[in-house]
Amino acid sequence: MASFSTSSTYCLSKNVVFLSDFSPLYQFPTQSPRRRFSKKIVSMITQPSSRMPATTGSVKSWMTMTEKLLARTSEKLHVVPGENLWVNVDVLMTNDITGPGAIGVFKREFGENAKANPDYKGVCHIALAQEGHCRPGEVLVGTDSHTCTAGAFGQFASGIGNTDAGFVLGTGKILLKVPPTIRFVLDGEIPNYILAKDLILQVIGEISVAGATYKTMEFVGTAVESLTMEERITLCNMVIEAGGKNGVIPADKTTYDYLKDKTTVHYEPVYSDEQARFLAEYHFDISKLEPLVAKPHSPGNRALARECEDVKIDRVYIGSCTGGKTEDFMAAAKVFLASGKKVKVPTFLVPATQKVWMDLYTIPVPESGGKTCSQIFEDAGCGTPASPSCGACMGGPRDTHARLNEPQVCVSTTNRNFPGRMGHKEGQIYLASPYTAAASALTGHVTDPRNFLQ
């Protein structure tokens, strides 16, 4: 299903020098300390060079998307992987200003003109997109590892620490090392039972949770082009689960249409050059992909959902920046609607933002006869949608909504399943798409959603 190739012309070791690129024009001989030099002046005749003058102007330097983004914002014509740069930051996100999961957005005018968002919106990564702060061609950094989510808009987005954030607030700049890029080509028509969560679980399962450490993950291909913006957000959101520095998807009409009524800020997208060098390139035929889960205790522990149907579960959790968007809940509602049955285990619903929460009560689900998600969830016996937050995705105190306080088995649309991630250190977390999560809630076992969608 996946094929792999590495570039034979590109090496990323700082200890390697390509002599063909850096050969000296002249080698200076070693002088003996006893040698005396004549003071006599002689005339020297320089032989004309046999090299013809260039006729094509300056040499073109091919770059990837990320290299172009960092070159532009560091005011350089060309950058290469491994190069350290002072980068001008366009947007800083901090989720510590108004409480967990809230956002504070600081734009280019650092200092007296910096603007903070005083209103609680919900999970920062989704609120950033909904509020129009994610734009192609820009650099966005934030104090959370899942800041890479914003790469779905064709921008450089990466998580930083609080000390770095303080420096950005004071200077408007950050020191970054240019990452090499791995390209993932996802082609083929996406089956109606597959979501972006399945795509990223497939990718991480292929390269491992350390397979993209401090590297850019660039996603292209017909399957990627067919994704909605919310599905692209899911794809880039879990780049950090493979160790990636950032994820990026080329901006297109889908991107521009999403931003049309969300921002008036001018932006300029960039794209990888056709001749750009990639560290590696993976190819996937998505038309053959089956629903996946990541078994405990790693996002890279990939397995087919149908191979885990003997796993009895205790609960289902639908939420987080990965799986708590409007379209995620629409997908779950589609499965519940198709089954006409009630869930067999407690099913917790935690919208990512205030807007998502409102959508659950106002937007009719297609082919439902006008029913909203909230009505379908109620009919299926799910819990009432909670207030927007990160919820149990990061565990939290014992009274956190839907936290695992016992060693239970949970199918979750979140992004991490390490021991203790959702609370109890002996909890078993199966990461899955909203389709698979909803199907599992209906049976009480890990379940392939094709049982209800075909």
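About 40 Å³ of space lies in the largest cavity of this predicted model. By the rule applied here, the count comes to 1 cavity of 30 Å³ or more. Its lining is made up of Leu-195, Ala-196, Lys-197, Glu-231, Thr-234, Thr-322, Gly-323, Asp-328, Thr-413 and Pro-434. Two or more of these residues come from each of α5 (196-207), α7 (229-237) and α9 (320-323). Sorted by class, the lining of the largest cavity holds 3 nonpolar, 4 polar and 3 charged residues.

Now for an open space. The second largest pocket has a volume of about 520 Å³, and 21 residues line it. Leu-195, Met-330, Ala-331, Lys-334 and Tyr-435 are the lining residues that lie nearest the centre of this pocket. Two elements, α10 (326-339) and α13 (434-443), give two or more residues to its lining. Of the elements, α10 gives the most, with 7 residues. The pocket lining has 13 nonpolar, 3 polar and 5 charged residues. If you are setting the two spaces side by side, Leu-195 is worth a look: this residue is on the list for the cavity, and Leu-195 also appears among the residues nearest the centre of the pocket.

Here are the two spaces in one view.

| Space | Volume | Lining by class |
|---|---|---|
| Largest cavity | about 40 Å³ | 3 nonpolar, 4 polar, 3 charged |
| Second largest pocket | about 520 Å³ | 13 nonpolar, 3 polar, 5 charged |

Let us turn to the strands. An open sheet of 6 strands runs in the order β13-β12-β17-β16-β14-β15, with mixed pairing. Which strands stand at the edges of this sheet? They are β13 and β15 (347-350), and each has a single partner strand, so one side of each is left without a neighbour in the sheet. On average, neighbouring strands of the sheet are turned by 25 degrees against each other, with direction ignored. Within the sheet, β16 and strand β17 (residues 428-432) run parallel and are joined by 4 bridges. One contact to pick out is Val-409, whose bridge partner in β17 is Gln-428.

Another parallel pair is formed by strand β8 (residues 181-187) and β11, which share 6 bridges. There, Leu-186 has Phe-284 of β11 as its bridge partner. Phe-284 also takes part in an alternating pattern along β11 (residues 280-285). Ala-280, Tyr-282 and Phe-284 point to one face and are buried, whereas Glu-281, His-283 and Asp-285 point to the other face and are not buried.

Among the helices, α2 (residues 65-73) deserves a stop. With 7 of its 9 residues buried, this helix is largely enclosed by the rest of the structure. The buried residues of α2 are Met-65, Thr-66, Glu-67, Leu-69, Leu-70, Ala-71 and Thr-73. Just after the helix comes Glu-75, which takes a positive phi of about 60 degrees.

That leads to some further backbone details. Glu-367 also has a positive phi, of about 60 degrees, although it is not a glycine. Glu-367 sits in the loop between α11 (354-362) and α12 (373-380). Ala-402, again not a glycine, has a positive phi near 70 degrees, and its place is the loop between α12 and β16 (409-412). Are these two residues buried or exposed? Glu-367 is exposed, with a relative accessible area of 81%, while Ala-402 is buried, with a relative accessible area of 8%. Another backbone feature to check is the peptide bond from Pro-296 to His-297, which is cis, with omega near 0 degrees. His-297 belongs to the loop between β12 (292-294) and β13 (302-304), two strands that sit next to each other in the order of the open sheet.

Finally, the cysteines. How many disulfides does the count give? The count comes to 0 disulfides. For Cys-390, the nearest cysteine sulfur is that of Cys-124, 6.3 Å away. A disulfide here needs the two sulfur atoms to be within 2.5 Å, and Cys-390 is in no disulfide. At 22% relative accessibility, Cys-390 counts as partly exposed. Cys-410, by contrast, counts as buried, at 1% relative accessibility.

Note on methods
Residues are numbered from 1 along each chain as its sequence is written. This is a predicted model: local features need pLDDT of at least 70, side-chain atom pairs count only at pLDDT 80 or more; totals for chains, interfaces and linings use all residues. Side-chain values use heavy atoms; hydrogens and water are left out. On a 1 Å grid over the protein atoms alone, a cavity is a set of points where a 1.4 Å probe fits but cannot get out, and a pocket is an open set with protein on both sides within 12 Å along at least five of seven lines; lining residues have an atom within 4 Å of a point. Grid points are joined across faces, edges and corners, and a volume is the space filled by probe spheres set on the points. Ala, Val, Leu, Ile, Met, Phe, Trp, Tyr, Cys and Pro count as nonpolar, Asp, Glu, Lys and Arg as charged, and the others, Gly among them, as polar. Buried means under 20% relative accessible area, exposed over 50%, partly exposed in between (1.4 Å probe, protein chains only). Two strands pair if DSSP finds at least two bridges between them. Axes are lines fitted to C-alpha atoms, for helices over the stretch in contact, and angles run from 0 to 180 degrees between N-to-C directions.
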